[in-house]
Amino acid sequence: MALNLTHQLGALAGTPIKSGELTVPSVDSSLSVSPPSARMHKAMNLNHKDPNRNVSPPMSPVLGSTRADLSVACKAFAVESQVSGVETMEEQRTYKEGGISEKKGNGGVPVFVMMPLDSVTMGNTVNRRKAMKASLQALKSAGVEGIMIDVWWGLVEKESPGSYNWGGYNELLEMAKKIGLKVQAVMSFHQCGGNVGDSVTIPLPQWVVEEVDKDPELAYTDQWGRRNYEYISLGADTLPVLKGRTPVQCYADFMRAFRDNFKHLLGDTIVEIQVGMGPAGELRYPSYPEQNGTWKFPGIGAFQCYDKYSLSSLKAAAEAYGKPEWGSTGPTDAGHYNNWPEDTQFFKKEGGGWNTEYGEFFLSWYSQMLLDHGERILSSAKSVFEDTGVKISVKIAGIHWHYGSRSHAPELTAGYYNTRFRDGYLPIAQMLARHNAIFNFTCIEMRDHEQPQDALCAPEKLVNQVALATLAAEVPLAGENALPRYDDYAHEQILKASALSFDQNSEGENREMCAFTYLRMNPELFQADNWGKFVGFVKKMGEGRDSHKCWEEVEREAEHFVHVTQPLVQEAAVALTH
(Lines give C-alpha, C1' and ligand atoms only; values in the text may rest on other atoms or scores of the structure.)
Protein backbone atom coordinates (compact mmCIF):
# COMPACT_ATOMS: atom_id res chain seq x y z
CA MET A 1 0.00 0.00 0.00
CA ALA A 2 1.51 3.31 -1.08
CA LEU A 3 2.24 5.87 1.60
CA ASN A 4 1.09 9.41 1.07
CA LEU A 5 3.64 11.89 -0.25
CA THR A 6 4.09 13.84 2.94
CA HIS A 7 4.85 10.65 4.82
CA GLN A 8 7.38 9.56 2.21
CA LEU A 9 9.12 12.93 2.36
CA GLY A 10 9.26 12.77 6.12
CA ALA A 11 10.76 9.30 6.05
CA LEU A 12 13.26 10.33 3.41
CA ALA A 13 14.47 13.30 5.37
CA GLY A 14 14.01 12.12 8.92
CA THR A 15 17.72 11.63 9.27
CA PRO A 16 19.99 13.68 11.46
CA ILE A 17 21.50 16.74 9.90
CA LYS A 18 25.23 17.17 9.41
CA SER A 19 26.11 20.16 11.46
CA GLY A 20 29.10 22.06 10.31
CA GLU A 21 32.15 22.48 12.32
CA LEU A 22 33.18 25.98 13.00
CA THR A 23 36.46 27.81 13.10
CA VAL A 24 37.30 31.48 13.16
CA PRO A 25 40.26 33.70 12.19
CA SER A 26 41.94 35.80 14.81
CA VAL A 27 39.88 38.40 16.59
CA ASP A 28 41.31 40.89 19.05
CA SER A 29 43.22 38.99 21.69
CA SER A 30 42.38 41.63 24.24
CA LEU A 31 38.79 40.48 24.31
CA SER A 32 37.99 38.74 27.54
CA VAL A 33 35.99 35.54 27.68
CA SER A 34 32.97 35.59 29.89
CA PRO A 35 31.52 32.39 31.31
CA PRO A 36 28.80 30.53 29.46
CA SER A 37 25.47 32.14 30.03
CA ALA A 38 22.08 30.58 30.51
CA ARG A 39 21.24 31.80 27.03
CA MET A 40 23.43 29.10 25.55
CA HIS A 41 20.72 26.53 25.26
CA LYS A 42 20.57 23.57 22.93
CA ALA A 43 19.35 25.62 19.99
CA MET A 44 22.70 27.37 19.84
CA ASN A 45 24.52 24.09 19.49
CA LEU A 46 26.62 24.77 16.38
CA ASN A 47 28.10 21.35 16.02
CA HIS A 48 30.51 20.12 13.44
CA LYS A 49 29.30 19.01 10.10
CA ASP A 50 28.42 15.59 11.26
CA PRO A 51 25.75 13.73 9.38
CA ASN A 52 24.58 12.61 12.73
CA ARG A 53 23.20 15.86 14.04
CA ASN A 54 19.80 17.46 14.06
CA VAL A 55 20.52 20.99 15.16
CA SER A 56 18.55 24.19 14.86
CA PRO A 57 20.43 27.13 13.38
CA PRO A 58 21.24 29.67 16.09
CA MET A 59 19.28 32.88 15.87
CA SER A 60 17.89 31.97 12.48
CA PRO A 61 14.41 33.05 11.44
CA VAL A 62 11.49 30.87 12.42
CA LEU A 63 10.87 28.44 9.60
CA GLY A 64 7.61 27.20 8.20
CA SER A 65 6.02 23.90 9.06
CA THR A 66 7.83 20.83 7.79
CA ARG A 67 4.50 19.17 7.06
CA ALA A 68 3.26 20.90 3.97
CA ASP A 69 -0.02 19.69 2.54
CA LEU A 70 0.01 17.40 -0.48
CA SER A 71 -0.42 20.09 -3.12
CA VAL A 72 2.34 22.23 -1.64
CA ALA A 73 4.74 19.31 -1.31
CA CYS A 74 3.99 18.27 -4.85
CA LYS A 75 5.04 21.65 -6.18
CA ALA A 76 8.46 20.75 -4.89
CA PHE A 77 8.48 17.64 -6.98
CA ALA A 78 8.79 19.45 -10.28
CA VAL A 79 9.90 17.01 -12.90
CA GLU A 80 12.99 17.65 -14.98
CA SER A 81 12.87 20.60 -17.24
CA GLN A 82 11.30 19.33 -20.44
CA VAL A 83 8.89 22.21 -20.21
CA SER A 84 8.60 24.85 -22.90
CA GLY A 85 10.85 27.82 -22.27
CA VAL A 86 12.67 26.29 -19.28
CA GLU A 87 16.40 25.81 -19.42
CA THR A 88 18.17 24.17 -16.49
CA MET A 89 21.48 25.32 -15.13
CA GLU A 90 22.83 21.86 -15.95
CA GLU A 91 22.26 22.52 -19.63
CA GLN A 92 24.40 25.62 -19.34
CA ARG A 93 27.37 23.93 -17.68
CA THR A 94 30.23 21.65 -18.55
CA TYR A 95 32.23 19.82 -15.93
CA LYS A 96 35.89 20.65 -16.09
CA GLU A 97 39.03 19.68 -14.27
CA GLY A 98 39.39 20.98 -10.73
CA GLY A 99 35.96 19.79 -9.78
CA ILE A 100 34.60 22.98 -11.25
CA SER A 101 31.44 23.05 -13.28
CA GLU A 102 31.65 26.29 -15.15
CA LYS A 103 28.70 28.15 -16.58
CA LYS A 104 29.46 29.38 -20.06
CA GLY A 105 30.03 33.10 -19.87
CA ASN A 106 30.65 34.75 -16.51
CA GLY A 107 31.35 31.73 -14.37
CA GLY A 108 29.13 30.67 -11.51
CA VAL A 109 29.14 28.11 -8.72
CA PRO A 110 27.33 24.79 -9.29
CA VAL A 111 25.04 23.67 -6.45
CA PHE A 112 24.83 20.10 -5.20
CA VAL A 113 22.32 18.91 -2.57
CA MET A 114 23.05 16.43 0.22
CA MET A 115 20.78 13.41 0.28
CA PRO A 116 19.24 12.03 3.48
CA LEU A 117 21.65 9.88 5.49
CA ASP A 118 19.43 6.83 5.08
CA SER A 119 18.89 7.14 1.33
CA VAL A 120 20.06 3.52 1.20
CA THR A 121 18.54 1.27 3.86
CA MET A 122 20.31 -1.22 6.11
CA GLY A 123 18.89 -3.83 3.76
CA ASN A 124 20.78 -2.24 0.86
CA THR A 125 17.77 -0.91 -1.03
CA VAL A 126 16.78 2.63 -2.02
CA ASN A 127 14.70 4.14 0.78
CA ARG A 128 11.24 5.36 -0.36
CA ARG A 129 12.02 4.79 -4.00
CA LYS A 130 9.11 6.77 -5.49
CA ALA A 131 9.65 9.77 -3.24
CA MET A 132 13.38 9.64 -3.96
CA LYS A 133 12.82 9.69 -7.71
CA ALA A 134 10.34 12.56 -7.51
CA SER A 135 12.71 14.49 -5.25
CA LEU A 136 15.64 14.08 -7.61
CA GLN A 137 13.48 15.24 -10.52
CA ALA A 138 12.51 18.29 -8.49
CA LEU A 139 16.14 19.12 -7.78
CA LYS A 140 16.99 18.70 -11.44
CA SER A 141 14.18 21.06 -12.41
CA ALA A 142 15.58 23.69 -10.05
CA GLY A 143 18.85 23.75 -11.95
CA VAL A 144 20.77 21.82 -9.30
CA GLU A 145 24.02 20.38 -10.63
CA GLY A 146 23.89 17.16 -8.66
CA ILE A 147 23.64 15.38 -5.33
CA MET A 148 25.98 14.28 -2.56
CA ILE A 149 25.43 10.79 -1.21
CA ASP A 150 27.09 8.98 1.70
CA VAL A 151 28.40 5.55 0.70
CA TRP A 152 28.54 3.87 4.09
CA TRP A 153 31.34 1.42 4.89
CA GLY A 154 29.04 -0.08 7.52
CA LEU A 155 26.42 -0.89 4.85
CA VAL A 156 28.52 -2.05 1.94
CA GLU A 157 31.15 -4.19 3.70
CA LYS A 158 28.87 -5.05 6.58
CA GLU A 159 28.96 -8.84 6.54
CA SER A 160 32.62 -9.83 6.15
CA PRO A 161 35.99 -8.40 5.10
CA GLY A 162 36.30 -7.91 1.35
CA SER A 163 32.65 -8.76 0.66
CA TYR A 164 30.96 -5.69 -0.85
CA ASN A 165 27.24 -5.29 -1.41
CA TRP A 166 26.53 -2.19 -3.50
CA GLY A 167 22.79 -2.98 -3.59
CA GLY A 168 20.84 0.25 -3.26
CA TYR A 169 23.77 2.34 -4.45
CA ASN A 170 23.62 0.72 -7.88
CA GLU A 171 19.98 1.71 -8.20
CA LEU A 172 20.35 5.18 -6.70
CA LEU A 173 23.28 6.17 -8.89
CA GLU A 174 21.56 4.85 -12.01
CA MET A 175 18.54 6.92 -11.01
CA ALA A 176 20.71 10.02 -10.76
CA LYS A 177 22.24 9.28 -14.16
CA LYS A 178 18.86 8.84 -15.83
CA ILE A 179 17.56 12.11 -14.37
CA GLY A 180 20.75 13.91 -15.38
CA LEU A 181 22.25 14.75 -12.00
CA LYS A 182 25.95 14.62 -11.19
CA VAL A 183 27.06 12.81 -8.03
CA GLN A 184 29.52 13.59 -5.26
CA ALA A 185 30.09 10.20 -3.60
CA VAL A 186 31.33 10.30 -0.01
CA MET A 187 33.43 7.36 1.14
CA SER A 188 31.95 7.33 4.65
CA PHE A 189 34.29 5.32 6.87
CA HIS A 190 32.73 6.64 10.07
CA GLN A 191 29.76 5.62 12.17
CA CYS A 192 26.45 7.40 11.69
CA GLY A 193 24.23 7.85 14.73
CA GLY A 194 24.55 7.82 18.46
CA ASN A 195 23.92 11.49 19.07
CA VAL A 196 20.90 13.36 20.38
CA GLY A 197 18.13 13.56 17.80
CA ASP A 198 19.56 10.89 15.52
CA SER A 199 16.88 8.87 13.79
CA VAL A 200 19.20 6.53 11.92
CA THR A 201 22.16 4.49 13.10
CA ILE A 202 24.71 2.99 10.74
CA PRO A 203 27.55 1.44 12.73
CA LEU A 204 30.96 0.47 11.42
CA PRO A 205 31.01 -2.99 9.76
CA GLN A 206 30.18 -5.73 12.24
CA TRP A 207 33.53 -7.44 11.79
CA VAL A 208 35.30 -4.14 12.53
CA VAL A 209 33.19 -3.64 15.66
CA GLU A 210 34.22 -7.14 16.79
CA GLU A 211 37.90 -6.27 16.44
CA VAL A 212 37.44 -3.04 18.40
CA ASP A 213 35.58 -4.99 21.10
CA LYS A 214 38.60 -7.29 21.37
CA ASP A 215 41.04 -4.37 21.38
CA PRO A 216 39.39 -1.16 22.67
CA GLU A 217 42.68 0.69 22.08
CA LEU A 218 41.63 0.90 18.42
CA ALA A 219 39.13 3.56 19.46
CA TYR A 220 40.03 7.21 20.00
CA THR A 221 40.54 7.77 23.74
CA ASP A 222 40.62 10.85 25.95
CA GLN A 223 42.70 11.38 29.11
CA TRP A 224 39.93 10.02 31.32
CA GLY A 225 39.77 6.74 29.38
CA ARG A 226 36.53 7.54 27.56
CA ARG A 227 36.44 5.73 24.20
CA ASN A 228 34.97 7.11 20.98
CA TYR A 229 33.80 4.52 18.46
CA GLU A 230 32.87 6.81 15.57
CA TYR A 231 36.07 6.12 13.64
CA ILE A 232 39.16 3.94 14.03
CA SER A 233 41.99 5.80 15.79
CA LEU A 234 44.57 7.13 13.34
CA GLY A 235 47.22 5.78 15.73
CA ALA A 236 46.49 2.34 14.28
CA ASP A 237 46.52 3.44 10.61
CA THR A 238 49.46 1.28 9.57
CA LEU A 239 48.96 -1.73 11.84
CA PRO A 240 47.28 -4.94 10.57
CA VAL A 241 44.66 -4.85 13.30
CA LEU A 242 41.53 -5.49 11.18
CA LYS A 243 41.73 -9.20 10.44
CA GLY A 244 45.13 -8.94 8.82
CA ARG A 245 44.64 -5.59 7.10
CA THR A 246 45.51 -2.09 8.26
CA PRO A 247 42.68 0.45 8.46
CA VAL A 248 44.22 2.37 5.54
CA GLN A 249 44.31 -0.85 3.48
CA CYS A 250 40.63 -1.41 4.29
CA TYR A 251 39.79 2.10 3.09
CA ALA A 252 41.85 1.62 -0.09
CA ASP A 253 40.26 -1.76 -0.85
CA PHE A 254 36.79 -0.24 -0.35
CA MET A 255 37.55 2.62 -2.74
CA ARG A 256 39.00 0.18 -5.29
CA ALA A 257 35.87 -1.96 -5.12
CA PHE A 258 33.73 1.16 -5.57
CA ARG A 259 35.79 2.18 -8.59
CA ASP A 260 35.50 -1.25 -10.20
CA ASN A 261 31.76 -1.49 -9.58
CA PHE A 262 30.92 2.01 -10.83
CA LYS A 263 33.62 2.50 -13.47
CA HIS A 264 30.93 3.09 -16.13
CA LEU A 265 29.72 6.15 -14.19
CA LEU A 266 33.05 7.66 -13.13
CA GLY A 267 33.87 11.02 -14.65
CA ASP A 268 30.43 11.38 -16.18
CA THR A 269 27.76 10.87 -13.52
CA ILE A 270 30.12 10.45 -10.56
CA VAL A 271 32.30 13.55 -10.78
CA GLU A 272 33.75 13.72 -7.27
CA ILE A 273 34.90 11.33 -4.56
CA GLN A 274 34.96 12.84 -1.10
CA VAL A 275 37.20 10.69 1.08
CA GLY A 276 36.13 10.31 4.70
CA MET A 277 38.99 10.80 7.14
CA GLY A 278 37.41 10.96 10.58
CA PRO A 279 34.21 11.52 12.55
CA ALA A 280 31.46 13.05 10.40
CA GLY A 281 33.71 12.26 7.44
CA GLU A 282 35.98 15.19 8.34
CA LEU A 283 39.75 15.31 8.68
CA ARG A 284 39.87 15.86 12.45
CA TYR A 285 39.90 14.16 15.83
CA PRO A 286 36.54 13.45 17.58
CA SER A 287 37.27 16.18 20.10
CA TYR A 288 33.71 17.34 20.72
CA PRO A 289 31.44 14.28 20.93
CA GLU A 290 27.80 14.98 21.70
CA GLN A 291 26.91 11.43 22.62
CA ASN A 292 25.66 11.08 26.20
CA GLY A 293 26.02 14.83 26.63
CA THR A 294 29.82 14.62 26.79
CA TRP A 295 30.29 17.90 24.91
CA LYS A 296 28.04 20.91 24.49
CA PHE A 297 28.60 24.00 22.39
CA PRO A 298 30.71 26.09 22.91
CA GLY A 299 33.03 23.88 24.94
CA ILE A 300 36.70 23.61 24.00
CA GLY A 301 36.65 19.83 23.60
CA ALA A 302 39.44 17.48 24.61
CA PHE A 303 42.54 15.92 23.07
CA GLN A 304 42.04 12.40 21.70
CA CYS A 305 45.47 10.76 21.80
CA TYR A 306 45.35 8.43 24.77
CA ASP A 307 44.95 5.07 23.04
CA LYS A 308 48.14 3.00 23.32
CA TYR A 309 48.97 3.31 19.62
CA SER A 310 48.89 7.10 19.66
CA LEU A 311 50.82 7.26 22.95
CA SER A 312 53.48 5.01 21.42
CA SER A 313 53.94 7.57 18.65
CA LEU A 314 54.07 10.43 21.19
CA LYS A 315 56.72 8.57 23.19
CA ALA A 316 58.91 8.14 20.11
CA ALA A 317 58.48 11.79 19.13
CA ALA A 318 59.43 13.00 22.61
CA GLU A 319 62.55 10.84 22.64
CA ALA A 320 63.56 12.11 19.20
CA TYR A 321 63.02 15.66 20.41
CA GLY A 322 65.29 15.07 23.38
CA LYS A 323 62.55 15.38 25.99
CA PRO A 324 61.53 11.79 26.80
CA GLU A 325 59.61 13.02 29.86
CA TRP A 326 57.09 14.62 27.49
CA GLY A 327 56.19 11.31 25.90
CA SER A 328 54.04 9.62 28.53
CA THR A 329 50.89 11.73 28.27
CA GLY A 330 49.26 14.72 26.63
CA PRO A 331 48.62 17.99 28.48
CA THR A 332 47.10 17.37 31.91
CA ASP A 333 45.99 20.97 32.44
CA ALA A 334 43.84 21.40 29.31
CA GLY A 335 40.53 21.30 31.16
CA HIS A 336 37.41 19.33 30.27
CA TYR A 337 35.15 19.17 27.20
CA ASN A 338 32.88 22.00 28.34
CA ASN A 339 35.43 24.39 29.78
CA TRP A 340 36.25 27.70 28.12
CA PRO A 341 39.86 28.64 27.29
CA GLU A 342 40.32 30.94 30.28
CA ASP A 343 39.13 28.16 32.61
CA THR A 344 42.31 26.20 31.86
CA GLN A 345 46.01 26.65 32.41
CA PHE A 346 46.92 25.21 29.02
CA PHE A 347 44.65 27.38 26.84
CA LYS A 348 44.49 30.68 28.73
CA LYS A 349 45.74 33.71 26.83
CA GLU A 350 48.40 34.86 29.32
CA GLY A 351 51.03 32.27 30.17
CA GLY A 352 49.06 29.38 28.69
CA GLY A 353 50.86 26.12 28.06
CA TRP A 354 49.91 26.22 24.40
CA ASN A 355 52.40 29.06 23.91
CA THR A 356 55.41 27.30 25.50
CA GLU A 357 58.08 25.00 24.12
CA TYR A 358 56.18 22.00 25.45
CA GLY A 359 52.94 23.24 23.95
CA GLU A 360 54.57 23.77 20.57
CA PHE A 361 56.08 20.27 20.69
CA PHE A 362 52.80 18.57 21.60
CA LEU A 363 50.57 20.53 19.24
CA SER A 364 53.01 20.04 16.37
CA TRP A 365 53.02 16.28 16.96
CA TYR A 366 49.23 16.09 17.40
CA SER A 367 48.45 18.08 14.26
CA GLN A 368 51.16 16.31 12.22
CA MET A 369 49.60 12.95 13.10
CA LEU A 370 46.38 14.21 11.54
CA LEU A 371 48.19 15.49 8.44
CA ASP A 372 50.01 12.16 8.06
CA HIS A 373 46.67 10.36 8.34
CA GLY A 374 45.26 12.50 5.55
CA GLU A 375 48.39 11.99 3.45
CA ARG A 376 48.15 8.20 3.72
CA ILE A 377 44.51 8.01 2.73
CA LEU A 378 44.86 10.59 -0.04
CA SER A 379 47.79 8.69 -1.52
CA SER A 380 45.60 5.59 -1.70
CA ALA A 381 42.64 7.49 -3.12
CA LYS A 382 44.78 9.17 -5.75
CA SER A 383 46.21 5.86 -6.99
CA VAL A 384 42.77 4.21 -7.00
CA PHE A 385 40.96 6.95 -8.92
CA GLU A 386 43.79 8.03 -11.19
CA ASP A 387 42.69 8.48 -14.82
CA THR A 388 39.00 7.95 -13.99
CA GLY A 389 38.00 11.57 -14.57
CA VAL A 390 36.81 12.18 -11.00
CA LYS A 391 38.12 14.76 -8.58
CA ILE A 392 38.99 13.92 -4.97
CA SER A 393 37.93 16.15 -2.09
CA VAL A 394 38.43 16.26 1.67
CA LYS A 395 36.11 17.87 4.20
CA ILE A 396 37.58 20.15 6.86
CA ALA A 397 35.52 21.15 9.89
CA GLY A 398 34.54 24.76 10.47
CA ILE A 399 35.30 25.20 14.17
CA HIS A 400 34.44 28.85 14.69
CA TRP A 401 33.80 29.08 18.43
CA HIS A 402 36.50 30.69 20.58
CA TYR A 403 38.19 31.63 17.33
CA GLY A 404 38.66 35.11 18.76
CA SER A 405 40.73 33.79 21.65
CA ARG A 406 44.50 33.63 21.32
CA SER A 407 44.82 29.86 21.64
CA HIS A 408 41.84 28.86 19.44
CA ALA A 409 41.37 25.94 21.86
CA PRO A 410 38.55 24.06 20.06
CA GLU A 411 40.59 24.01 16.86
CA LEU A 412 43.64 22.72 18.70
CA THR A 413 41.81 19.79 20.32
CA ALA A 414 40.39 18.88 16.89
CA GLY A 415 43.89 18.77 15.43
CA TYR A 416 44.08 22.11 13.62
CA TYR A 417 47.18 23.90 14.92
CA ASN A 418 45.74 27.36 14.35
CA THR A 419 46.47 30.08 16.89
CA ARG A 420 46.91 33.85 17.06
CA PHE A 421 50.49 33.28 15.93
CA ARG A 422 50.18 30.35 13.52
CA ASP A 423 48.14 29.51 10.41
CA GLY A 424 46.77 25.99 10.88
CA TYR A 425 44.96 25.74 7.54
CA LEU A 426 47.82 26.42 5.15
CA PRO A 427 49.56 23.07 5.93
CA ILE A 428 46.25 21.28 5.28
CA ALA A 429 45.75 23.13 2.00
CA GLN A 430 49.31 22.35 0.95
CA MET A 431 48.81 18.67 1.71
CA LEU A 432 45.65 18.63 -0.42
CA ALA A 433 47.43 20.49 -3.21
CA ARG A 434 50.10 17.78 -3.37
CA HIS A 435 47.36 15.31 -4.26
CA ASN A 436 45.36 17.65 -6.51
CA ALA A 437 42.43 17.44 -4.09
CA ILE A 438 39.63 19.90 -3.32
CA PHE A 439 39.44 21.64 0.09
CA ASN A 440 35.80 21.35 1.21
CA PHE A 441 34.86 23.69 4.06
CA THR A 442 31.76 24.25 6.14
CA CYS A 443 29.86 27.06 7.95
CA ILE A 444 29.70 29.11 4.75
CA GLU A 445 26.22 30.44 5.57
CA MET A 446 27.08 31.85 9.00
CA ARG A 447 27.67 35.47 9.95
CA ASP A 448 29.71 36.56 12.92
CA HIS A 449 26.95 38.62 14.52
CA GLU A 450 24.48 35.70 14.53
CA GLN A 451 26.67 33.70 16.89
CA PRO A 452 27.03 34.00 20.68
CA GLN A 453 29.41 36.92 21.09
CA ASP A 454 30.75 35.91 24.47
CA ALA A 455 32.10 32.71 22.88
CA LEU A 456 34.12 34.87 20.44
CA CYS A 457 32.65 33.08 17.42
CA ALA A 458 33.79 34.37 14.03
CA PRO A 459 32.75 32.08 11.15
CA GLU A 460 33.16 34.80 8.52
CA LYS A 461 36.72 35.50 9.58
CA LEU A 462 37.42 31.77 9.63
CA VAL A 463 36.10 31.28 6.09
CA ASN A 464 38.23 34.22 5.00
CA GLN A 465 41.34 32.66 6.52
CA VAL A 466 40.66 29.33 4.84
CA ALA A 467 40.00 31.02 1.48
CA LEU A 468 43.35 32.80 1.66
CA ALA A 469 45.12 29.56 2.63
CA THR A 470 43.66 27.73 -0.37
CA LEU A 471 44.61 30.65 -2.60
CA ALA A 472 48.20 30.51 -1.36
CA ALA A 473 48.34 26.72 -1.84
CA GLU A 474 46.58 26.92 -5.22
CA VAL A 475 43.98 24.37 -4.22
CA PRO A 476 40.28 24.58 -5.23
CA LEU A 477 37.87 25.52 -2.44
CA ALA A 478 34.34 24.13 -2.16
CA GLY A 479 31.77 24.95 0.53
CA GLU A 480 28.82 23.64 2.51
CA ASN A 481 26.37 25.18 4.94
CA ALA A 482 26.78 23.89 8.48
CA LEU A 483 23.12 24.08 9.50
CA PRO A 484 19.87 24.00 7.53
CA ARG A 485 18.83 27.49 6.46
CA TYR A 486 16.11 28.44 3.96
CA ASP A 487 16.03 32.22 4.36
CA ASP A 488 17.33 34.80 1.90
CA TYR A 489 19.69 36.19 4.53
CA ALA A 490 21.61 32.90 4.70
CA HIS A 491 21.46 32.51 0.91
CA GLU A 492 22.98 35.96 0.47
CA GLN A 493 25.83 35.08 2.82
CA ILE A 494 26.54 31.91 0.84
CA LEU A 495 26.56 33.91 -2.39
CA LYS A 496 28.99 36.39 -0.88
CA ALA A 497 31.29 33.72 0.56
CA SER A 498 31.27 31.59 -2.59
CA ALA A 499 32.50 34.58 -4.60
CA LEU A 500 35.71 34.56 -2.51
CA SER A 501 35.82 38.33 -2.64
CA PHE A 502 37.17 38.78 0.88
CA ASP A 503 40.51 40.32 0.00
CA GLN A 504 40.05 42.82 -2.81
CA ASN A 505 43.81 43.27 -3.11
CA SER A 506 44.52 39.62 -3.87
CA GLU A 507 44.33 37.57 -7.01
CA GLY A 508 41.47 35.77 -5.31
CA GLU A 509 39.04 38.39 -6.57
CA ASN A 510 39.02 36.52 -9.88
CA ARG A 511 38.31 33.21 -8.23
CA GLU A 512 35.11 31.53 -7.06
CA MET A 513 34.37 28.36 -5.12
CA CYS A 514 34.43 25.35 -7.42
CA ALA A 515 31.16 24.01 -5.99
CA PHE A 516 28.69 24.42 -3.13
CA THR A 517 26.83 21.56 -1.44
CA TYR A 518 23.51 22.46 0.17
CA LEU A 519 22.47 20.74 3.38
CA ARG A 520 20.05 18.92 2.96
CA MET A 521 17.09 17.46 1.03
CA ASN A 522 14.20 17.30 3.51
CA PRO A 523 10.51 18.29 3.85
CA GLU A 524 11.28 21.91 4.77
CA LEU A 525 13.19 22.40 1.54
CA PHE A 526 10.07 21.40 -0.41
CA GLN A 527 7.72 23.70 1.50
CA ALA A 528 6.37 26.21 -1.03
CA ASP A 529 8.03 29.39 0.23
CA ASN A 530 11.37 27.70 0.92
CA TRP A 531 11.32 25.98 -2.47
CA GLY A 532 10.81 29.25 -4.33
CA LYS A 533 13.71 30.85 -2.46
CA PHE A 534 15.89 27.81 -3.08
CA VAL A 535 15.25 27.89 -6.85
CA GLY A 536 16.17 31.58 -6.84
CA PHE A 537 19.31 30.84 -4.84
CA VAL A 538 20.43 28.13 -7.26
CA LYS A 539 19.87 30.46 -10.20
CA LYS A 540 21.80 33.28 -8.54
CA MET A 541 24.71 30.92 -7.75
CA GLY A 542 24.73 29.88 -11.40
CA GLU A 543 24.83 33.46 -12.60
CA GLY A 544 28.18 34.06 -10.97
CA ARG A 545 29.32 37.17 -9.20
CA ASP A 546 29.61 39.14 -12.43
CA SER A 547 25.87 38.87 -13.01
CA HIS A 548 24.01 42.17 -13.22
CA LYS A 549 20.66 40.65 -12.25
CA CYS A 550 19.27 41.77 -8.93
CA TRP A 551 17.96 39.29 -6.36
CA GLU A 552 14.33 40.30 -7.01
CA GLU A 553 14.68 39.68 -10.74
CA VAL A 554 16.09 36.22 -10.15
CA GLU A 555 13.28 35.44 -7.70
CA ARG A 556 10.70 36.46 -10.31
CA GLU A 557 12.35 34.07 -12.76
CA ALA A 558 12.27 31.36 -10.10
CA GLU A 559 8.55 31.92 -9.48
CA HIS A 560 7.90 31.56 -13.20
CA PHE A 561 10.02 28.43 -13.25
CA VAL A 562 8.06 26.79 -10.43
CA HIS A 563 4.78 27.79 -12.09
CA VAL A 564 5.52 26.36 -15.54
CA THR A 565 6.57 23.00 -14.11
CA GLN A 566 3.35 22.64 -12.10
CA PRO A 567 1.53 20.38 -14.59
CA LEU A 568 4.34 17.84 -14.43
CA VAL A 569 4.36 18.17 -10.67
CA GLN A 570 0.70 17.23 -10.52
CA GLU A 571 1.43 14.24 -12.73
CA ALA A 572 4.16 13.14 -10.33
CA ALA A 573 1.74 13.52 -7.43
CA VAL A 574 -0.74 11.12 -8.98
CA ALA A 575 1.99 8.55 -9.53
CA LEU A 576 3.21 8.89 -5.96
CA THR A 577 -0.17 8.48 -4.29
CA HIS A 578 -1.30 5.34 -6.13
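**Helix 3 and the surroundings of strand 13**

Helix 3 is followed by Gly-143, whose phi is positive, near 90°. In this predicted model, the helix comprises residues 129-141. At 1.5 Å a residue, its 13 residues should span 18 Å, and the C-alpha atoms at its two ends lie 18 Å apart, so expectation and model agree.

Helix 3 is largely enclosed by the rest of the structure, because ten of its 13 residues are buried. The buried set begins with Ala-131 and Met-132 and continues with Ala-134, Ser-135, Leu-136, Gln-137, Ala-138, Leu-139, Lys-140 and Ser-141. In an α-helix there are 3.6 residues a turn, so residues three or four places apart point the same way.

Strand 13, formed by residues 477-480, is buried at each of its positions: Leu-477 and Gly-479 point one way, whereas Ala-478 and Glu-480 point the other way. Such alternation of side chains between the two faces of the sheet is what a regular strand shows.

Strand 13 pairs with two strands. Strand 12 (residues 437-441) runs parallel to strand 13 and is joined to it by three bridges; within this pairing, Phe-441 stands opposite Gly-479. The connection between these strands passes through helix 12 (residues 459-473), giving a β-α-β crossover that is right-handed. Three bridges likewise join strand 13 to strand 14 (residues 515-518), and this pair also runs parallel. Here Glu-480 of strand 13 is placed opposite Thr-517 of strand 14. Gly-479 and Glu-480, which point in opposite directions from strand 13, thus stand opposite Phe-441 and Thr-517, respectively.

Key. Residues are numbered from 1 along each chain as its sequence is written. This is a predicted model: local features need pLDDT of at least 70, side-chain atom pairs count only at pLDDT 80 or more; totals for chains, interfaces and linings use all residues. Side-chain values use heavy atoms; hydrogens and water are left out. Buried means under 20% relative accessible area, exposed over 50%, partly exposed in between (1.4 Å probe, protein chains only). Helices (H or I, at least four residues) and strands (E, at least two) are DSSP runs, numbered from the N terminus. Two strands pair if DSSP finds at least two bridges between them. A crossover is right-handed if, with the strands pointing away from the viewer, the path from the first strand over the helix to the second runs clockwise. The expected span of a helix is 1.5 Å times one less than its number of residues.
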